[in-house]
Amino acid sequence: MATYPNISETKNLIKQLVSIPSPSGNTDNVISFIEDVLNDLQIEHKRNKKGGLIATIPGENEKEHRMLTAHVDTLGAMVKEIKRDGRLRLDLIGGFTYHSIDGEYCEIETSAGTIFTGTILHHETSVHVYKNARDAKRNQENMEVRIDAKVENAEDVRALGIEVGDFVSFDPRVEITENGFIKSRHLDDKASVAMLIQLMKRIKDEKLSLPYTTHFLISNNEEIGYGGNSNIPPETVEYLAVDMGAMGDGQSTDEYTVSICVKDASGPYHYGLRKNLTALAEENHIGYKLDIYPYYGSDASAAIRSGHDIIHGLIGPGIDASHAYERTHEDSLKNTEQLLYHYIQTKQVDI
Ligand SMILES: [Zn+2]
């Protein structure tokens with residue numbers, strides 16, 4: 001039997017997940033990948049109509065359930081317009097800046113399923129030609145995709161099968177360093193999806209008996225705000241979102257501990273659940289930080305907002321430069337996995 005947390009396996013899984021493009025709205029392939037993993041583990045699961053996945057492991061108490069969620073959709077873009085010169089204008093999916101994708105390699109997926117590669121660039125990038133190249137603000141008007149194909153005009157592009165509405169995904173540039181850093185786009189929230197999968201695997205391997213029937217929702221619309229707010233069984237008491245901890249000036253979250261969110265833009269998370277999570281981390285010598293994320297919402301707050309009567313919480317690994325060139329460290333993954341492992345075996349907040 002493997003010893004857990006098995007971080008090299010978690011890192012491999014993260015690499016596999018970030019390498020499957022899945023901007024919100026086009027997540028079928030990555031969901032199929034996870035279905036295959038769950039089939040191998042012989043864990044019961046089903047897709048909801050939105051295309052998310054719910055896995056269920058029965059527990060001793062079947063009247064009260066617990067739910068954990070992580071989202072597999074990522075930032076991305078869609079072809080907004082095919083320009084006269086054969087370049088593509090984009091419309092962004094999710095909240096991020098054009099600056100963060102300047103120079104990035106991308107893939108354009110046509111509705112027939114053909115993939116073209118390209119690069120996202122400012123229209124006036126060449127310093128040898130454009131005076132403005134250094135100072136121009138990056139925005140929808142001046143950023144474009146240069147397709148790796150001999151195209152000179154919109155007709156040439158359309159002849160390839162590319163059309164308005166085609167999904168564009170960004171090269172994750174995943175790299176794992178020898179000293180434990182994981183650098184990649186889309187660690188938000190594929191790092192957490194990998195950890196939930198590892199947790200399910202551990203439950204199976206260790207033949208853990210869970211106190212409550214426990215659901216794992218792999219949501220696929222978080223970046224656009226309505227990921228994990230449906231298909232929550234009425235028996236659910238606690239609903240824990242596992243999503244990235246936001247780092248920056250004034251934040252206590254770091255790349256080495258698990259971040260327990262006490263409040264985000266939606267308001268405070270459940271006080272009792274937060275206290276339980278903190279106590280669990282203390283008891284088990286798990287490195288953690290309490291933090292407030294100023295411009296942030298999660299699938300747990302989306303669930304509350306949509307009217308679910310649940311006890312909601314949010315924890316996750318610390319991710320630097322979120323929604324851009326993200327990075328975390330395996331220590332943060334280890335601490336998050338350990339907290340999750342102990343959490344699923346505890347008593348829920350009294351109701
Ligand atoms: Zn996220």
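Let's start with the small open sheet in this predicted model: three strands sit in the order 10-11-19, and the pairing is antiparallel. Strand 10 (175-176) and strand 19 (327-329) are the edge strands, each pairing on one side only. Strand 10 pairs with strand 11 (residues 181-183) in the antiparallel sense, over two bridges. One contact to look up on screen is glutamate 175, whose bridge partner in strand 11 is lysine 183. Helix 7 (residues 330-343) packs on this sheet, where it touches strand 11 and strand 19. The direction of helix 7 makes about 65° with that of strand 19.

Just ahead of strand 10 there's a backbone oddity. Arginine 173 is found in the loop between strand 9 (167-170) and strand 10, and its phi is positive, near 50°, in a residue other than glycine. Is arginine 173 buried, partly exposed or exposed? With 42% relative accessibility, arginine 173 counts as partly exposed, because the partly exposed class lies between the 20% and 50% limits.

Glutamine 42 also has a positive phi, of about 55°, although it is not a glycine. Look for glutamine 42 in the loop between helix 2 and strand 1 (44-47). Its relative accessible area is 68%, so glutamine 42 is exposed.

That loop follows on from a helix pair worth a look. Helix 1 (residues 7-18) and helix 2 (residues 28-41) have axes that come within 10 Å and cross at roughly 145°. On the helix 1 side, the contact is made by Leu13, Gln16 and Leu17; on the helix 2 side, by Val30, Phe33 and Ile34. Sorted by type, the residues of this contact are five nonpolar, one polar and no charged.

Next, the cis peptide bonds. Here are two of them, side by side:

| Residues joined | Peptide bond | Omega |
|---|---|---|
| tyrosine 4 and proline 5 | cis | about -5° |
| aspartate 188 and aspartate 189 | cis | about 5° |

Proline 5 is found in the segment before helix 1. Aspartate 189, on the other hand, has its place in helix 4 (residues 187-205). Aspartate 188, which is joined to aspartate 189 by that cis bond, turns up again as a ligand of the zinc ion.

Now for the metal. Which atoms coordinate the zinc ion? They are NE2 of His71, an OD atom of Asp188 and two OD entries from Asp243, at 1.9 to 2.7 Å. Along the chain, the donors follow the spacing H-x116-D-x54-D. Histidine 71 lies in strand 3 (residues 61-71), while aspartate 243 is in the loop between strand 13 (236-242) and strand 14 (245-246), so the pair ties together parts that are 172 residues apart in sequence.

What is the geometry of the zinc site? The angles among the four donor atoms run from 51 to 139°, and the site is irregular. It misses the tetrahedral class because that class needs all angles between 85 and 135 degrees. For reference, the ideal angle for four tetrahedral donors is 109.5 degrees.

Are histidine 71 and aspartate 243 buried or exposed? Histidine 71 is buried, with a relative accessible area of 1%. Aspartate 243 counts as buried as well, at 3% relative accessibility. Both fall in that class because buried means under 20% relative accessible area.

Definitions and conventions
Residues are numbered from 1 along each chain as its sequence is written. This is a predicted model: local features need pLDDT of at least 70, side-chain atom pairs count only at pLDDT 80 or more; totals for chains, interfaces and linings use all residues. Side-chain values use heavy atoms; hydrogens and water are left out. Axes are lines fitted to C-alpha atoms, for helices over the stretch in contact, and angles run from 0 to 180 degrees between N-to-C directions. Helices (H or I, at least four residues) and strands (E, at least two) are DSSP runs, numbered from the N terminus. Contact means heavy atoms within 4.5 Å. Ala, Val, Leu, Ile, Met, Phe, Trp, Tyr, Cys and Pro count as nonpolar, Asp, Glu, Lys and Arg as charged, and the others, Gly among them, as polar. Two strands pair if DSSP finds at least two bridges between them. Buried means under 20% relative accessible area, exposed over 50%, partly exposed in between (1.4 Å probe, protein chains only). Donors are N, O and S atoms within 2.8 Å of the metal (3.2 Å for Na, K and Ca); water is not among the atoms, so sites may look incomplete. Four donors count as tetrahedral if all angles lie between 85 and 135 degrees; four count as square planar and six as octahedral if opposite donors are over 155 degrees apart and all others between 65 and 115; anything else is irregular.
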